[in-house]
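Student: Take me through one part of this model closely, starting from a residue with an unusual backbone angle. Then work outward to what surrounds it and to the rest of the fold.

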Amino acid sequence: MSKKLFIQTLGCAMNVRDSEHMIAELSKNDEYSLTTEAEDADLILINTCSVREKPVHKLFSEIGSFDKIKKKDAKIGVCGCTASHLGDEIFKRAPVVDFVLGARNVSKISKAVKESKFISVDLDNDDSEFSFADYRNSLYKTYINISIGCDKSCTYCIVPHTRGKELSIPFNIIYNEAKKAVSNGAKEIFLLGQNVNNYGKYFSSAHKKMNFSNLLEELSQIDGLERIRFTSPHPLHMDDEFLRVFSTNDKICKSMHMPLQSGSSAVLKAMKRGYDKKWYLDRALKLRELCPDVSISTDIIVAFPGESEEDFKDTMDVLEKVRFEQLFSFKYSKRPLTKAATMPNQIDEKTASSRLSTLQARHNEILDEIVKTKENTTMKVLFDELRSDGFVAGRSDNNFLVQIKASEEMLGLLKDVRIDKARRMVLYGEVL
């Protein structure tokens, strides 16, 4: 009888893919099968996020909750970014934890489950050429890592301290993984990396010269592949070649995530983002010109240390000029090991909350205006999710969530849909 694995995944798409890798390795090497009930599990994994403070605090309450309900001999493992930066402190604060596995050490999961109090948080570990077993959460789309780590030094960000230095994954590994997924029914691949459009700068071993635009063009040649998505590109590396390939290649979905972080050039400099307000607006508006159907999403941090009212107005100005289709916005959160945590002029909570509310309220107004224009238009949608009340859902080429009345026979199909009703979070329509 196989052992049961329960896994809780927190954070970004890269964590989702890391969890898939761990599921695959444990299934192949250790005969684990997934369960959705932690009470039934022989192994409970918590794959953690540390980008903001709240998930870190939540971790230890989660460990306590799992300890109360787990089977007598079940193990608990803490993995991911929080594991990377807290290391053996996790054992001290939660002795019930059996092993700690950092985000850069996913390939060691089979070893971790076999050794008492195993810990591996080595930021120099190189998984870039490791051949993971195959597992995907979805039959119709797949995540594919194209790089690990990050070569940037943004002053607010803990990621370089949890995922290590940037390494690109060799093209043949990416290509073969994509081709195998497509042969098994995937219609869409989603390329992952901290700065995907910096692909090709660093490899572990000799590798032919290739940048991200080259990679996109090569992958688009795979027969049967319908769609390519990716996240997250860095505005600094959005050169004209990249924008041209994105805009003209029919297989690349017309949805671009452009992390702004701040609209103020002064704040961007303090953040060490490498670009200023003028560069960001130039790239975003150029993209709108080249690709009128594009949807642009972004990340914004308000109340970064030293942010003045004028700085915040600059952020609001970029919001007005670009009119993002999607916004991920947060109050600045102090993170350990980062320079911004010790910067002077930290912003008080009341001001931070006020700025975040102002930003989000205005974006909601903009989004309501945008979605209204989608009524009576046609979108091509890949349906991949069965929902309640007789609905199926999927994403349009430009990443709007679309629902139709239909059954599971629609799953995995790409269909033209006429949008009849538009709401802020979802569009409703009928297949043409």
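Tutor: Start with Lys-117, which is partly exposed because its relative accessible area is 37%. Bear in mind that the model is predicted. Lys-117 sits in the loop between helix H5 (109-112) and strand E6 (118-120). Its phi is positive, about 50°, although Lys-117 is not a glycine. Most residues other than glycine have a negative phi, and most peptide bonds are trans.

Ala-303 also departs from that rule: its phi is positive, near 65°. Ala-303 lies in the loop between E13 and H12. Ala-303 has a relative accessible area of 4%, so it is buried.

The peptide bond between Thr-231 and Ser-232 is cis, with omega about -5°. Ser-232 belongs to the loop between strand E11 (227-231) and helix H9 (240-248).

Now set these places in the domain layout. The chain is divided into domain 1 (3-120), domain 2 (141-373) and domain 3 (377-431).

Take the boundary of domain 1 and domain 2. Their C-alpha centres are 28 Å apart. On the domain 1 side 18 residues make contact, and on the domain 2 side 23 do. The size of an interface is often given as the accessible area lost when the parts come together. Here domain 1 and domain 2 bury about 1700 Å², with 55% of it on carbon and sulfur atoms. Met-14, Arg-17 and Arg-104 lose the most area on the domain 1 side, together 41% of what that side buries.

What about polar pairing? Two salt bridges are counted between domain 1 and domain 2. Arg-163 and Asp-18 pair through their side chains in a salt bridge, at 3.0 Å from N to O. Nine residue pairs are in polar contact across this interface. Three helices of domain 1 each supply at least two residues of the side that touches domain 2: H1 (13-30), H2 (53-69) and H3 (81-86). H1 gives the most, with eight residues.

Next, a loop in domain 2. Asn-198 lies between strand E10 (188-192) and helix H8 (212-219). Asn-198 counts as buried because its relative accessibility is 7%. Its side chain makes a polar contact with the side chain of Glu-166, at 2.8 Å. Neighbours within four places in sequence aside, Asn-198 is in contact with Asp-151, Lys-152, Glu-166 and His-237.

Asp-151 has another partner. It forms a salt bridge with Lys-201, with the closest N and O atoms 3.6 Å apart. This pair links distant parts of the chain, 50 residues apart: Lys-201 in the loop between E10 and H8, and Asp-151 in the loop between strand E8 (147-148) and helix H6 (159-163). Lys-201 is partly exposed because its relative accessibility is 47%. Asp-151 is partly exposed too, with a relative accessible area of 25%.

Side chains of opposite charge can pair when their charged atoms come close. The whole structure holds 30 salt bridges. One of them is between Asp-282 and Arg-283, at 2.9 Å from N to O. Asp-282 is partly exposed, at 39% relative accessible area. Arg-283 is buried, at 7%.

Finally, helix H13. It runs over residues 349-372, 24 in number, and reaches 35 Å from first C-alpha to last, close to the 34 Å expected. At its start, a side-chain oxygen of Asp-348 comes to within 3.2 Å of the backbone nitrogen of Lys-350. The buried residues of H13 are Ala-352, Arg-355, Leu-356, Leu-359, Arg-362, His-363, Ile-366, Leu-367, Ile-370 and Val-371. Why would such a list repeat every three or four places? An α-helix has 3.6 residues a turn, so residues three or four places apart point the same way. The cover over these buried residues includes strand E13 (295-302), helix H12 (309-322), strand E14 (326-331), strand E18 (414-422) and strand E19 (427-431).

H13 also pairs with E14 by charge. Lys-331 and Glu-349 meet in a salt bridge, at 2.4 Å from N to O. That joins distant parts of the chain, 18 residues apart, with Lys-331 in strand E14 and Glu-349 in helix H13. Lys-331 is partly exposed at 29% relative accessibility. Glu-349, at 52%, counts as exposed. Elsewhere, salt bridges that share partners join Lys-277, Asp-314, Asp-317 and Lys-321 into one network.

Conventions
Residues numbered from 1 in each chain as written. Predicted model: local features only at pLDDT ≥ 70, side-chain atom pairs only at ≥ 80, totals over all residues. Heavy atoms only, no water. Helix = DSSP H or I, 4+ residues; strand = E, 2+ residues; numbered from the N terminus. Expected span 1.5 Å × (residues − 1). Buried < 20%, exposed > 50% of the residue type's maximum accessible area, 1.4 Å probe, protein only. Contact = heavy atoms within 4.5 Å. Polar contact = N/O pair within 3.5 Å; in protein donor to acceptor, adjacent residues only side chain to side chain. Domains from an automatic or database assignment. Buried area = accessible area lost by both parts, 1.4 Å probe. Salt bridge = Lys/Arg side-chain N within 4 Å of Asp/Glu carboxyl O.
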